[in-house]
Amino acid sequence: MNDSPEIVVDPIEVMVALVVAPRHVAEIRVKLPIGATAARAVAASSLLANVPDAQVDTLVLAIWGEKIAPTHVLRQGDRLELLSPLRVDPKVARRERFARQGSKSAGLFAQDRGMRPPRR
């Protein structure tokens, strides 16, 4: 008879998000044992079941937008993201948008859209 107390370790819970296109996000919460890796969380989520193999090979793993390796050990509350690679460098896209819109309708120089109270 063993009288030693049984050690119970609560699993961690992480969010796994699959982002394959703009505004197309699938999310699922998974419970994993402490020390689980990103690769294990992806497998547990089953989010890749309907994604073509060619697209799976291009996905990047990230936690809160920061790129990680599949062997990265997850912590409670992490948001693991499976992201499609960027098509355009965000800096280049911003420069091109600014060139098209001009300084009067972009960013900090945008026209007043009625947000300020009227002058007295």
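Analyst: A residue counts as buried when its relative accessible area is under 20%. The model is predicted, and every value below is computed from it. With that cut-off, strand E5, residues 79-83, is mostly covered.

User: What makes strand E5 mostly covered?

Analyst: Four of the five residues in E5 are buried. Across the protein, buried residues make up 22% of the 120 residues.

User: Why is arginine 79 called buried?

Analyst: Its relative accessible area is 17%. The cut-off is under 20%, so arginine 79 is buried. Glutamate 81 is buried too.

User: How do you know that E1 and E5 pair?

Analyst: Pairing needs at least two bridges between the strands. Strand E1, residues 12-21, and E5 have five, in the parallel sense. Therefore E1 and E5 pair. Methionine 15 has arginine 79 of E5 as its bridge partner. Leucine 18 stands opposite leucine 82 in E5.

User: What joins strand E3 to E5, and in which sense do they run?

Analyst: Four bridges join E3, residues 60-63, to E5. That meets the minimum of two, so these strands pair as well. They run antiparallel. Isoleucine 63 stands opposite leucine 80 in E5.

User: What makes E1 and E2 a hairpin?

Analyst: Two residues lie between the strands. Nine bridges join E1 to E2, and the strands run antiparallel. Glutamate 13 stands opposite lysine 31 in E2. In the turn, arginine 23 has a positive phi of about 65°.

User: Where do these strands fall in the pattern along the sequence?

Analyst: The protein has three helices and five strands. Along the sequence the pattern reads β-β-α-α-β-β-β-α. Of the contacts between residues at least 6 apart in sequence, 46% join residues at least 24 apart.

User: Why is the contact of glutamate 13 with arginine 29 called a salt bridge?

Analyst: The limit is 4 Å between a side-chain nitrogen of Lys or Arg and a carboxyl oxygen of Asp or Glu. Here the closest N and O atoms are 3.6 Å apart. That is within the limit, so the pair qualifies. Glutamate 13 lies in strand E1 and arginine 29 in strand E2, residues 24-32, with their positions 16 residues apart in the numbering. Side chains of opposite charge can pair when their charged atoms come close.

User: Is glutamate 13 called exposed or partly exposed, and why?

Analyst: Its relative accessible area is 26%. Partly exposed covers the range between under 20% and over 50%. Glutamate 13 is therefore partly exposed. Arginine 29, at 56%, is over 50% and so counts as exposed.

User: How do you know that glutamate 27 and arginine 79 meet in a salt bridge?

Analyst: The N to O distance is 2.4 Å. With a limit of 4 Å, the pair counts. This salt bridge links distant parts of the chain: glutamate 27 in E2 and arginine 79 in E5, 52 residues apart. Glutamate 27 is partly exposed, at 44%.

User: What makes Glu27, Arg79 and Glu81 one network?

Analyst: Glutamate 81 and arginine 79 also meet in a salt bridge, 3.0 Å from N to O. Salt bridges that share partners join Glu27, Arg79 and Glu81 into one network. A search of the whole structure finds three salt bridges.

User: Why is glutamate 66 called exposed?

Analyst: Its relative accessible area is 60%. That is over 50%, so glutamate 66 is exposed. The residue sits in strand E4, residues 66-67. Its C-alpha atom is 9.6 Å from that of leucine 80, 14 residues away along the chain.

User: Which classes of residue make up the lining of the largest pocket?

Analyst: The lining has 10 nonpolar, one polar and one charged residues. Among the lining residues are Val19, Val20, Val60, Leu83, Ser84 and Arg87. Ser84 falls in the polar class and Arg87 in the charged class.

User: Which strand gives the most to that lining, and how much space lies in the largest pocket?

Analyst: E1 gives the most, with three residues. The space in the largest pocket is about 320 Å³.

How values were computed
Residues are numbered from 1 along each chain as its sequence is written. This is a predicted model: local features need pLDDT of at least 70, side-chain atom pairs count only at pLDDT 80 or more; totals for chains, interfaces and linings use all residues. Side-chain values use heavy atoms; hydrogens and water are left out. Buried means under 20% relative accessible area, exposed over 50%, partly exposed in between (1.4 Å probe, protein chains only). On a 1 Å grid over the protein atoms alone, a cavity is a set of points where a 1.4 Å probe fits but cannot get out, and a pocket is an open set with protein on both sides within 12 Å along at least five of seven lines; lining residues have an atom within 4 Å of a point. Grid points are joined across faces, edges and corners, and a volume is the space filled by probe spheres set on the points. Contact means heavy atoms within 4.5 Å.
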